[in-house]
Every structure is written in structure tokens, then in C-alpha cells.
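Biologist: I should be grateful for a close look at a single part of this structure. Please set the chosen part in the context of the whole chain, and then follow its surroundings outward.

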Amino acid sequence: MSEPSVTIREVMLRDGLQNIREVIPTEDKIELFRRIVASGIRDMEITSFVNPKAIPQFGDASQMAQAVLKMKPEGVEVSALIPNLKGAQIALASGMRKLGFVMSVSESHNISNVRRTTDESIEELKKIVDLQADYPDLVVKAGMATVFGCPFEGKIKPQVTLNFIRRFYQLGLRHMSMADTVGFGNPQEVKELTGICVKEFPDVTFSIHLHNTRGLGLANSLAAYESGIRIHDGAIGGLGGCPFAPGAKGNTSTEDLVFMFEEMGVHTGVNLAALMEASRYFKKVKKDVAFSSSILEVGVPVPKGAITKDGSEQKWNINT
Ligand SMILES: [Zn+2]
């Protein structure tokens, strides 16, 4: 099979679990990881090295990292989120080498989220980058939250984000992620900003992390794709919430993303039926979970125009 034309990064085990209060047992998370990998996903965020007092769901971050790295799934990039230097140190001690630092480009959201000004966050990021002296294989990704809008400040100007990108670039970072944390962005804004980024920083690998808060997740992903963004985050079942929009839809559903790209002839390397199997497994683990995914709801189109609710009965496999 040819190399995927677009990489789908599955963030279920971090973003998807972040707002689930009930702590999911580590062995269930590991089984979910195994099933997601079996579907062909080759990039996954597996946990968050935050203070477990703040988010008890990630109290097992080190165990998760160790268990996943022990499995050594071939060709799978595993990364973890880190909010600060301490998180980075624990992640490194647990064997992780791909770390996603997160900060908001909106000053007030950053203060609310990580209790720091953006300048203080960049100081913290420098200390994390300095760890590369001891860990030459450490890859730090700069994750920018609230790129298209902030619950406190509203729309964020593209120039604000571009200034952060320039600062990250000067720190030597070549992996960056832009997140529409609260679902403010529209396809035109996404296309414009990502287009500028790709042109201005051709040696940076950009990824996009979109929340489907107001139903524009897929459209925004497509807009980013058209600008040249080739790594798209998604969470199975459209899980992941937004603390600023209670009850809101979460990340763009990975199932819907895979379906859209494959239907367009853009190869993802993901077997949709197997991915849906992983989602159904999670439904067994957490029975009251509320999915938000069109494909999980109605299935893929089958010959004769019939629609089935049960993906396992599909005769038509999207990857064949
Ligand atoms: Zn998110």
C-alpha cells in the first residue's frame, strides 16, 4: 500500500479522555491504543503529563507511556502533551521522546488554562527545549491553542499566531500545531492562516487540531488540507470537550475525517471498519459515552444506497 497522503493523528487518549471524569482503567486505555493502531492509525497522542490533582484521568501517564513504548508498535509515532517543564521531565523519565507543549496564543486563555502569561510560557518552553542537551532525540512540538478564537478575547488576529510561530522557529522548533480550541474558526480563516504558515515556513511540519464545537470541524480540516496541512488531529467518536462550552461537540471525529479524505481519494492508511471497531470497544468500556460522529451514527454508504447503523455489517470496505 502506498504511503498515506494525509496523516490522521488520533488524540482520543488525551483530548478525548480529558473531560471524562470517571478515570478509565489503564488496561482499557492500552487496549484502546492497540485497537486504534490495528486500524492503521500511525500517529497518536497517548496521554498528558499534567498534575494528576488537576486532571486525575492522567494519573497513569507514566504507566501509559511505559506500556505503549514497550509494545513498540512499528511505524507508529506516539506523543504526549506537556504543560510545563515538570511534565516534560516526567515524560522523558517515562521514555517519551515526542512531546507536545501547549500554550494559548490568547493571553487571557493562557493565564486561565496554565496560569502563566504567554511570555512566561515561552520561557518555560525554552527550558524544555534545553533538555535536548541531555536527550538529543527529544522532539518538541509547539502547540498553539485558541488560534482562531478565545472565549475571553473573541477572534484572534492571524498576526498574533504568526508572531508566536516566529518565536518558536527561533527556538529551533520545526513541529507546530494550530488548534481551534473552542470552535471559532471558519474555513476561510483556516485556509488563509495555514496557507501563510506553509509558505512562510516551508521547513516546519504543521498540524491542525480542530474542535467541532459549531459543526465546522470537517470543513476547517478540508480548508487546511487545501493549504497544504498534512497532519490532522481527530478523536474517535468526536470525543473531547470544551470546558468553555459545556455539552459542546468535541474534536472532529476521526471516523468522519477518514471517511471524508478517503472518499476524496486522499489516502489515510486507516481502515475505517477497524477504526469503528475501536470506537465500539470504548463504548463497552464507558457505556454512557456520547459520541458525536456521523459515520458512527449512520455508517458508510453501501451499494444500492442502503444505510446501515452497524459498521460491522458493511459489505463495502472503504480501504478496498
Ligand atoms: Zn483539543
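Modeller: In this predicted model, buried residues account for 47% of the 320 residues in the protein. The chain forms 12 helices and eight strands. Its radius of gyration is 18 Å, close to the 20 Å that the globule rule gives for 320 residues, so the protein is as compact as a globular protein of that length. Along the principal axes, the C-alpha atoms occupy a box of roughly 60 × 40 × 40 Å. Of the contacts between residues at least 6 apart in sequence, 71% link residues at least 24 apart.

The part I propose to examine is helix 6, which spans residues 118-130. Helix 6 contains 13 residues, and from first C-alpha to last it extends 18 Å, close to the 18 Å expected at 1.5 Å a residue. Its buried residues are T118, S121, E124, L125 and I128. These residues lie on the same side of helix 6, because they cover an arc of only 110° around the axis. The general geometry is familiar: an α-helix has 3.6 residues a turn, so residues three or four places apart point the same way. The face of helix 6 turned away from the buried side bears D119, E123, K126, K127 and D130, which are exposed.

What does the buried side of helix 6 pack against? Its buried residues pack against helix 4 (85-93), strand 4 (98-104), helix 5 (107-114) and strand 5 (139-145). Two of these neighbours, helix 4 and strand 5, can be followed further.

In helix 4, the buried residues are G87, A88 and A91. Viewed down the axis of helix 4, they fall within an arc of 100°, so they line one face of that helix. The cover over these buried residues includes helix 6 itself, together with helix 3 (61-71), strand 3 (77-82) and strand 4. Helix 6 and helix 4 thus each appear among the elements packed on the buried residues of the other. After helix 4 comes G95, which has a positive phi, near 105°.

On the strand 5 side, the path leads to strand 6, residues 175-180. Strand 5 and strand 6 run parallel and are joined by four bridges; at one position, A142 stands opposite M176 in strand 6. Together with helix 7 (residues 158-170), strand 5 and strand 6 make a right-handed β-α-β unit. Strand 6 is mostly covered, with five of its six residues buried.

The arrangement continues beyond strand 6. Six bridges connect strand 6 to strand 7 (residues 205-210), and these two strands run parallel. D180 has L210 in strand 7 as its bridge partner. Here too the unit is a right-handed β-α-β unit, made by strand 6, helix 8 (residues 187-200) and strand 7.

A separate site illustrates a link across the sequence. V266 lies in the loop between helix 10 (254-263) and helix 11 (272-285). V266 has 15 other C-beta atoms within 10 Å, and is therefore partly exposed. Leaving aside neighbours within four places in sequence, V266 is in contact with S5, V6 and F261. V266 and V6 are 260 residues apart in sequence, yet their C-alpha atoms are 6.9 Å apart in space.

Key
Residues are numbered from 1 along each chain as its sequence is written. This is a predicted model: local features need pLDDT of at least 70, side-chain atom pairs count only at pLDDT 80 or more; totals for chains, interfaces and linings use all residues. The expected span of a helix is 1.5 Å times one less than its number of residues. A residue is buried if 20 or more other C-beta atoms lie within 10 Å of its own, exposed if 12 or fewer, and partly exposed in between; C-beta atoms are placed from the backbone. The arc is that of the directions from the helix axis to the C-beta atoms. Two residues are in contact if their C-beta atoms, placed from the backbone, lie within 7 Å. Two strands pair if DSSP finds at least two bridges between them. A crossover is right-handed if, with the strands pointing away from the viewer, the path from the first strand over the helix to the second runs clockwise. The radius of gyration is taken over C-alpha atoms; the globule rule is 2.2 Å times the number of residues to the power 0.38.
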